[in-house]
Amino acid sequence: MKYKNPDFMSAVTTPIEGEIAFRNYAESTFGPNYVVVGIDEVGRGPLAGPVVACAAVLKSADVLSVLNDSKKFTRPKREAIYDKVKDACECYAIASASVEEIDSLNILEADFLAMRRALQALGMTGITEKQPELPVEVRGHFKPGATVLVAVDGNLKIHGLDLGCQFPVIKGDGLVASISAASILAKVFRDRYMDQLAKEYPGYGFEKHAGYGTKAHLDAIRKQGFSPVHRKTFHPKGL
């Protein structure tokens, strides 16, 4: 089922406005003991490498004014603000699903798996996923006893998670600051991991295209064949 943006987001145009709207809704509905956690993923489209998700809770709605959709920044800009984004978070977790899990489950379910793992690492109850192949990076946890509201980038709710606590936001990485933070942390984390894979599997150019199906990447596959970190279910036509 696809969802529309929450009604309380109707007048929002910036990430800070969206974060404030979520927090106002949470406090008016559940009282002061709440947590708004933004969650986003990166790596659904590549031919190689894991899918990575991040769940992030900001210290305040306006803690970092530069926050926005990670795709609006160049890689050098994302790298430059990466540590600032981490410092702006009350807590965060970055988790993944492997190439094997993507091929086994399909990319959407692997995406949700990575998201559940990130939320589990922060202390969300009712989730019992096994640890991923790539270690989870986590700092801090949800405050004890808090009502958790999950702001999810996109128009879907995360499978395997209580539907009532989730609020999908279309283009949320540009409309809710905590989702923006999650998108930047997930993107930099995955880019850096793909740099490592480039050293393990030279010749594919992972450090340049992060596994996406560029012409150079496709040409490299034709020349060298598929590596162990390529997704078997993501074979483009002509390969």
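How many bridges join strand 2 to strand 3, and in which sense do the two strands run? In this predicted model, 8 bridges join strand 2 to strand 3, and the two strands run antiparallel.

## The sheet

Strands 2 and 3 belong to an open sheet of 6 strands with the order 4-3-2-1-5-6 and mixed pairing. Strand 4 (137–139) and strand 6 (166–169) stand at the edges; each has a single partner strand, so one side of each is left without a neighbour in the sheet. From one strand to the next, the twist averages 20°.

Several pairings can be followed residue by residue. Strand 1 and strand 2 run antiparallel and are joined by 5 bridges, with Ala55 of strand 2 as the bridge partner of Ile39. Between strand 2 and strand 3, Val57 has Cys91 of strand 3 as its bridge partner. Strand 3 (residues 89–97) pairs with strand 4 in the antiparallel sense over 3 bridges, and Glu137 in strand 4 is the bridge partner of Ile94.

## Strand 2 and the packing helices

Strand 2 is mostly covered, with 8 of its 8 residues buried. In a regular strand the side chains alternate between the two faces of the sheet. Here, Val51, Ala53, Ala55 and Val57 point one way, Val52, Cys54, Ala56 and Leu58 point the other way, and all are buried.

Helix 2 (residues 75–88) packs on the sheet, where it touches strand 2 (51–58), strand 3 and strand 4. The direction of helix 2 makes about 115° with that of strand 3. Helix 5 (residues 177–200) lies across strand 1 (34–42), strand 2, strand 3, strand 4, strand 5 (147–153) and strand 6, and runs at about 40° to strand 1.

## Ser96 and Glu133

Is Ser96, which sits in strand 3, buried or exposed? Ser96 counts as buried because its relative accessibility is 2%, under the 20% cut-off. Leaving aside neighbours within four places in sequence, Ser96 is in contact with Pro50, Val51, Val52, Ala114, Arg117, Pro132 and Leu134.

Glu133 lies in the loop between helix 4 and strand 4. At 62% relative accessibility, Glu133 counts as exposed, the cut-off being over 50%. Not counting residues up to four places away in sequence, Glu133 touches Ser98 and Glu100. Glu133 and Pro50 are 83 residues apart in sequence, and their C-alpha atoms are 9.6 Å apart in space.

## The largest pocket

The largest pocket has a volume of about 450 Å³. It is lined by 24 residues, of which Asp40, Glu41, Lys71, Asp153 and Asp173 are the closest to its centre. Strand 1, helix 4 (107–121), strand 5 and helix 5 each supply at least two residues of the lining.

## Helix 7

Which residues of helix 7 (residues 215–224) are buried? They are His217, Leu218, Ala220 and Ile221. These residues cover an arc of only 160° around the axis, which puts them on the same side of helix 7. What covers them includes helix 6 (206–209).

On the other side of helix 7, Lys215, Ala216 and Lys223 are exposed. Gly225 follows helix 7 and has a positive phi, near 85°.

Technical notes:
Residues are numbered from 1 along each chain as its sequence is written. This is a predicted model: local features need pLDDT of at least 70, side-chain atom pairs count only at pLDDT 80 or more; totals for chains, interfaces and linings use all residues. Side-chain values use heavy atoms; hydrogens and water are left out. Buried means under 20% relative accessible area, exposed over 50%, partly exposed in between (1.4 Å probe, protein chains only). Helices (H or I, at least four residues) and strands (E, at least two) are DSSP runs, numbered from the N terminus. The arc is that of the directions from the helix axis to the C-beta atoms. Contact means heavy atoms within 4.5 Å. Two strands pair if DSSP finds at least two bridges between them. Axes are lines fitted to C-alpha atoms, for helices over the stretch in contact, and angles run from 0 to 180 degrees between N-to-C directions. On a 1 Å grid over the protein atoms alone, a cavity is a set of points where a 1.4 Å probe fits but cannot get out, and a pocket is an open set with protein on both sides within 12 Å along at least five of seven lines; lining residues have an atom within 4 Å of a point. Grid points are joined across faces, edges and corners, and a volume is the space filled by probe spheres set on the points.
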